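Colleague: Please teach me how to read a protein model, starting with its strands and ending with its metal site.

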Amino acid sequence: MSNNEIQYLERCVELAEEALDAGDEPFGSILVGADGAVLHEDRNRVGGGDPTRHPEFKLARWAAEHLTPADRAAATVYTSGEHCPMCSAAHGWVGLGRIVFATSSVQLGQWLAELGVPSGPIAELRITDVVPGLPVSGPFPEFAERVRELHRRLRAAG
Ligand SMILES: [Zn+2]
């Protein structure tokens, strides 16, 4: 992974921290164009009661409104946690390119199980179960403990 990519993932984890501090769940994501420019970023916003307000879903819809199909395909989404099936599908439907995730859905499942959090209503599918053939990278061990701690803080606060 290049230094730029580490910086993009760092920004995603910062956004996850902002989300947690604001009463939302700790997830953050950024959309990066083929030239390396950050095109859009968002964080989880489910605290208001809409459980679909995931940043990856928002980035997919932003891309559909603002980017050509070619620019979407050339763009990369960096995210603090691997896409859920809803966000993977949105990403695939709008034709976005590669996904780089700091931590995986498998890791999140393990952390939540350790915290005694019951499984959610959605199957734990990997991105490539939902979007076959999509290039993905992750998880990266240097982010695991930091992100795990955010999930611990969320459950301790709840
Ligand atoms: Zn999602």
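**Reading a sheet and a zinc site**

Modeller: Strands β3 and β4 run parallel and are joined by four bridges. Two strands are said to pair if DSSP finds at least two bridges between them. The strands (E, at least two residues) and the helices (H or I, at least four) are DSSP runs, numbered from the N terminus. This is a predicted model, in which local features need pLDDT of at least 70 and side-chain atom pairs count only at pLDDT 80 or more, while totals for chains, interfaces and linings use all residues. Residues are numbered from 1 along each chain as its sequence is written, and side-chain values use heavy atoms, with hydrogens and water left out.

Colleague: Which residue of β4 is the bridge partner of Val 77?

Modeller: The partner of Val 77 in β4 is Ile 99. On its other strand partner the picture changes in direction: β3, residues 76–81, is joined to β1 by four bridges, and these two strands run antiparallel. There, Val 77 is the bridge partner of Leu 31, and Thr 79 is the bridge partner of Ser 29. Val 77 of β3 thus appears in a bridge with Leu 31 and in another with Ile 99.

Colleague: In what order do the strands of the sheet stand?

Modeller: In general, the strands of a sheet pair through backbone hydrogen bonds, either parallel or antiparallel. In this model, five strands make up an open sheet with mixed pairing, and their order is β2-β1-β3-β4-β5. The edges are taken by β2 and β5 (136–137); each has a single partner strand, so one side of each is left without a neighbour in the sheet.

Colleague: How many bridges join β1 to β2?

Modeller: There are five bridges between β1 and β2, the latter spanning residues 38–43, and the two strands run antiparallel. One position to locate is Ser 29, which faces Asp 42 of β2. The two strands form a hairpin with five residues between them, and in its turn Gly 36 has a positive phi of about 95°. Ser 29 therefore serves well as a landmark for a reader of β1, whose five residues, 28–32, are all among the buried ones.

Colleague: What does the word "buried" require, and how are the two faces of β1 placed in this respect?

Modeller: A residue is buried under 20% relative accessible area, exposed over 50%, and partly exposed in between (1.4 Å probe, protein chains only). On one side of β1, Gly 28, Ile 30 and Val 32 are buried, and on the other side Ser 29 and Leu 31 are buried, which leaves both faces covered. Five of the five residues of β1 are buried, so this strand is largely enclosed by the rest of the structure. Strand β4, residues 99–103, is also mostly covered, with five of its five residues buried.

Colleague: Where does Phe 27 lie?

Modeller: Phe 27 is found in the loop between α1 (3–21) and β1. With a relative accessibility of 15%, Phe 27 counts as buried. Along the chain, Phe 27 and Arg 153 are 126 residues apart, and their C-alpha atoms are separated by 13 Å.

Colleague: Let us turn to the cysteines. How many disulfides does the structure hold?

Modeller: A disulfide is a pair of cysteine sulfur atoms within 2.5 Å. The structure holds zero disulfides. For Cys 12, the closest cysteine sulfur is that of Cys 87, at 13 Å, which is too far for a bond. Cys 12 is buried, at a relative accessible area of 0%.

Colleague: Which protein residues are donors of the zinc ion?

Modeller: Donors are N, O and S atoms within 2.8 Å of the metal (3.2 Å for Na, K and Ca); water is not among the atoms, so sites may look incomplete. Here, the protein donors of the zinc ion are ND1 of His 54, SG of Cys 84 and SG of Cys 87, which lie 2.0 to 2.3 Å from the ion. The spacing of these donor residues in sequence is H-x29-C-x2-C.

Colleague: Are the donors Cys 84 and Cys 87 buried or partly exposed?

Modeller: Cys 84 is partly exposed, with a relative accessible area of 22%. Cys 87, in contrast, is buried, and its relative accessible area is 0%.
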